[in-house]
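Trainee: I would be grateful for a close look at the aromatic rings of this protein, followed by whatever else helps to place them in the fold.

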Amino acid sequence: MSVAAPTAVELAVANLDAWLDTMHGPAGYGGPVAHWWRDSLTFCGAAADWRYEGIVDGYLTLFERTGDQRWLDKGSRAGADLLALQLESGNFRNSRFEQNPGTAGTPHEAAVDVALLRLASVLEPREDDRWQTFASAAERNLRSFYIGRLWNDEEARFRDDPTQSSFVANKSATLIEALCAWAALNGSDEFLERFVRPTAEAILAHQVVAPGTRLDGAIAQNTLGRKRVEAFFPLYCARCVPGLCLAGKLLEAPRYVEVAIRALDFVLRWQDADGGFPQVVYRQGVNRFPRWIAGTGDVLRAADAVRKTGQTVETSRAEAWLLSGQLP
């Protein structure tokens, strides 16, 4: 019996899995960070940041689609890394990404919570008691750090820095994903009305509504005090989409889904002919250096979230751009 040759995506996933194994050490997944804000080429240790969000979700998606136990084992191993990296405070060691070593990194600890809760949601229906340990670790971080230190009642939003008034839309969207995942896992609306709805409203307030223009749907990067920073990062706008779609579903608020669809429309409107995306769009001008390749995975993830709402989204060029960036 002949065996079909692997597709380009299957081959890329297999190669990526093999590479990830070389980056996993006794303490977890490590490696240098090349970033828009700052490179970190001196600290290359294991870090509890948004790398785990993608690694865990990727392995659990492979498990769900294939039923192959090894993918669940790899996802669980990643979860065990995170448990070992959690501190008594509820924060995680080395969670500041390009600013590592350090703790209390945003959105990175929220992304870690998303990973832990995703793992718990897969293990719980299989009556694997580890789900409670993973869920408890995420809840501990959400309550002690995000709600305990970053939530501001007066502003009705999560600050990005406990010492000053600040808000970053894409980071808060990652937190929405974590809060929604906790609510779905526990069947509780404790976090939804109090925290998810006002956070979604704050993101909505950062969106440009200008039909017929190239900035329509863009989401401003952040607000510092009273000053809004109107730099529009397509990939960070894409990071807002899944959280907004989740908030719209759990809160029965179609307007949040509309905001998400408009944001993705903005991202795809700015796609370059070769399938890539500019780094920053301004009201006057655009910056195409550097153009992230791996980050395009977040555009594809955003498109999947929008498709689940019944919309049709074309992403073949983005997929080809992502595949073209994988090294031999």
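Mentor: In this predicted model, ring pairs join W36, W37, F233, Y236 and W292 into a cluster. The count of aromatic pairs comes to 14. One of the aromatic pairs is formed by Y59 and W71, whose rings are stacked, with 5.8 Å from centre to centre and 15 degrees between the planes. This pair links distant parts of the chain, since Y59 belongs to helix 2 (residues 50-66) and W71 to helix 3 (residues 69-85), twelve residues apart. Y59 has a relative accessible area of 3% and is therefore buried, the cut-off being under 20%. W71 also counts as buried, because its relative accessibility is 9%. A ring can also face a charge: the charged end of R214 sits over the ring of W270, 4.2 Å from the ring centre.

Y236, a member of the cluster, leads to helix 8, which covers residues 234-250. Of the 17 residues in helix 8, 14 are buried, so that the helix is mostly covered. At 1.5 Å a residue, helix 8 should span 24 Å, and this agrees with the 26 Å between its end C-alpha atoms. Just after helix 8, E252 adopts a positive phi of about 50 degrees.

Empty space completes the picture. The second largest pocket holds about 620 Å³, and E98, Q99, T106, D160 and K171 are the residues nearest its centre among the 30 that line it. By class, this lining comprises 14 nonpolar, ten polar and six charged residues. Helix 5 contributes the largest share of the lining, three residues.

Definitions and conventions: Residues numbered from 1 in each chain as written. Predicted model: local features only at pLDDT ≥ 70, side-chain atom pairs only at ≥ 80, totals over all residues. Heavy atoms only, no water. 1 Å grid on protein atoms, 1.4 Å probe; cavity = no way out; pocket = protein on both sides within 12 Å on 5 of 7 lines; lining within 4 Å. Points joined across faces, edges and corners; volume = space filled by probe spheres on them. Helix = DSSP H or I, 4+ residues; strand = E, 2+ residues; numbered from the N terminus. Nonpolar A, V, L, I, M, F, W, Y, C, P; charged D, E, K, R; others polar. Expected span 1.5 Å × (residues − 1). Buried < 20%, exposed > 50% of the residue type's maximum accessible area, 1.4 Å probe, protein only. Phe/Tyr/Trp six-rings, centres within 6.5 Å; stacked < 30°, edge-to-face > 60°. Lys NZ or Arg CZ within 6 Å of the ring centre and 35° of its normal.
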